[in-house]
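Reader: I've got this model open and I'm a bit lost. Could you pick the biggest pocket and walk me through it and its surroundings?

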Amino acid sequence: MQKVTLKELSQLLGATIKGDATLEITSVATLESATKGQLSFLANSKYRAQLEATQASAVLLSEKEASCYHGNALIVSDPYVGFARVAQLLDTTPKETPGIHPSAQIDTSAILGDGAAIGANAVIGANVILGENVQIGPGCVVGESSIIGSNTRLWANVSVYHNVHIGHDCIVHSGTVIGSDGFGYANERGNWVKIPQTGGVRIGNHVEIGACTSIDRGALSHTEIHDGVIIDNQVQIAHNVVIGQNTAMAGGSIIAGSSTIGKYCIIGGGSAVAGHLSVADGVHISGGTNVTSVIREKGVYSSATIAMENKLWRRNTVRFRQLDELFSRVKTLEKSAKGSE
């Protein structure tokens, strides 16, 4: 079990110590569940009542909260970010053992960097390049001419098609498919004619992709996911989409083909962005929002209706359909009122 003292953590975080600097921490936990040897944090004031009752050996606190706390503490400007840093340090997630499992199938033309780990039943195609310390989980497939950068990890059963480039220090979770065909077809008198998707996928550095997410390859040019993007589970990213640096996409969100999402955006869960649109940098799209037009200005955008009783929802749906008629009637009444003045 890894142990680290409050003094060592203070140096990592640039924090001020309140209490015993020699106290040893072995893991992190919530205020409510923490026990001896664990470090917790208070980042949301609604959990303040749990602070005095916590059994944590120490707590990450802002300067304001620390003034009212009598236990051991590390005082930081952002306790939640501090918690994330400590959690990384004490992470116990298992890693693939370096080396190649006997059941893995690796093409003779593939190039494997030092320290690469290839799990059971994985398949590495022709002309694949794996960087140093890449971890390929059991059952993964990496297609022809794909490149995976150093220190990137593919969890079990990830499918990477041909001509996909993934940067360094990325994480791709189980069941995700990268480089599948985009939804490209022409219609000839009612019959669908498939358009070969000859582009690839280009994923930057420090990108994390959740489980069972699909990222389609480009039709002609590439689908692009830039540095620092984080993508949740069960997200659909269509062909030729471009997602800017450090944007976050929550679970179940969808980006249709050829749309561009700016830098530092947040796409809420269950949201959908229609095709051939652009979204400016710094846009926050609330969960369940349908984006059907270009967003040119930074800000928060929402469109979903709130939950209500079914009977009320049915009545409001009927009234929504009448909005255009009601608008026309109001305009007519306004003209009549002006004419009578």
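**A close look at the largest pocket**

Author: Let's begin with the space itself: the largest pocket holds about 580 Å³. Keep in mind that you're looking at a predicted model. Rolling a probe the size of a water molecule over the atoms is how empty space like this shows up.

So who lines it? There are 17 lining residues, and Asp91, Thr93, Lys95, Ile171 and Glu208 are the ones nearest the centre. Sorted by class, the lining has seven polar, five charged and five nonpolar residues. Helix H3, which covers residues 79–89, supplies the largest share of the lining, with three residues.

Now pick out Glu208, one of the residues nearest the pocket's centre. Glu208 stands opposite Ile230 in strand S28. Strand S25 is made of residues 208–209, and S28 of residues 230–231; the two pair in the parallel sense over two bridges. Strands of a sheet pair through backbone hydrogen bonds, either parallel or antiparallel.

Zoom out from that pair and you'll find an open sheet of 11 strands, with parallel pairing, in the order S8-S11-S14-S17-S20-S25-S28-S31-S34-S37-S39. At the edges stand S8 (99–100) and S39 (299–301); each has a single partner strand, so one side of each is left without a neighbour in the sheet.

Follow the chain just before that S39 edge and you land on Thr292, in the loop between strand S38 (290–291) and S39. Thr292 has a relative accessibility of 64%, so it counts as exposed, the cut-off being over 50%. Setting aside neighbours within four places in sequence, Thr292 touches Ala274 and Leu277. Ala272 is 20 residues away from Thr292 in sequence, yet their C-alpha atoms are 8.5 Å apart in space.

For contrast, try the second largest pocket, with a volume of about 160 Å³. Its lining includes Thr30, Leu31, Phe41 and Tyr47. By class, that lining has five nonpolar, three polar and one charged residues.

One last stop, this time for charged pairs: the whole structure has five salt bridges. One of them joins Asp181 and Lys194, with the closest N and O atoms 3.0 Å apart. This pair links distant parts of the chain, since Asp181 lies in the loop between strands S21 (177–180) and S22 (185–188), while Lys194 is in strand S23 (residues 191–194), 13 residues apart. Asp181 is partly exposed, at 35% relative accessible area, and Lys194 is partly exposed too, at 42%.

Definitions and conventions
Residues are numbered from 1 along each chain as its sequence is written. This is a predicted model: local features need pLDDT of at least 70, side-chain atom pairs count only at pLDDT 80 or more; totals for chains, interfaces and linings use all residues. Side-chain values use heavy atoms; hydrogens and water are left out. Two strands pair if DSSP finds at least two bridges between them. Helices (H or I, at least four residues) and strands (E, at least two) are DSSP runs, numbered from the N terminus. On a 1 Å grid over the protein atoms alone, a cavity is a set of points where a 1.4 Å probe fits but cannot get out, and a pocket is an open set with protein on both sides within 12 Å along at least five of seven lines; lining residues have an atom within 4 Å of a point. Grid points are joined across faces, edges and corners, and a volume is the space filled by probe spheres set on the points. Ala, Val, Leu, Ile, Met, Phe, Trp, Tyr, Cys and Pro count as nonpolar, Asp, Glu, Lys and Arg as charged, and the others, Gly among them, as polar. Buried means under 20% relative accessible area, exposed over 50%, partly exposed in between (1.4 Å probe, protein chains only). Contact means heavy atoms within 4.5 Å. A salt bridge is a side-chain nitrogen of Lys or Arg within 4 Å of a carboxyl oxygen of Asp or Glu.
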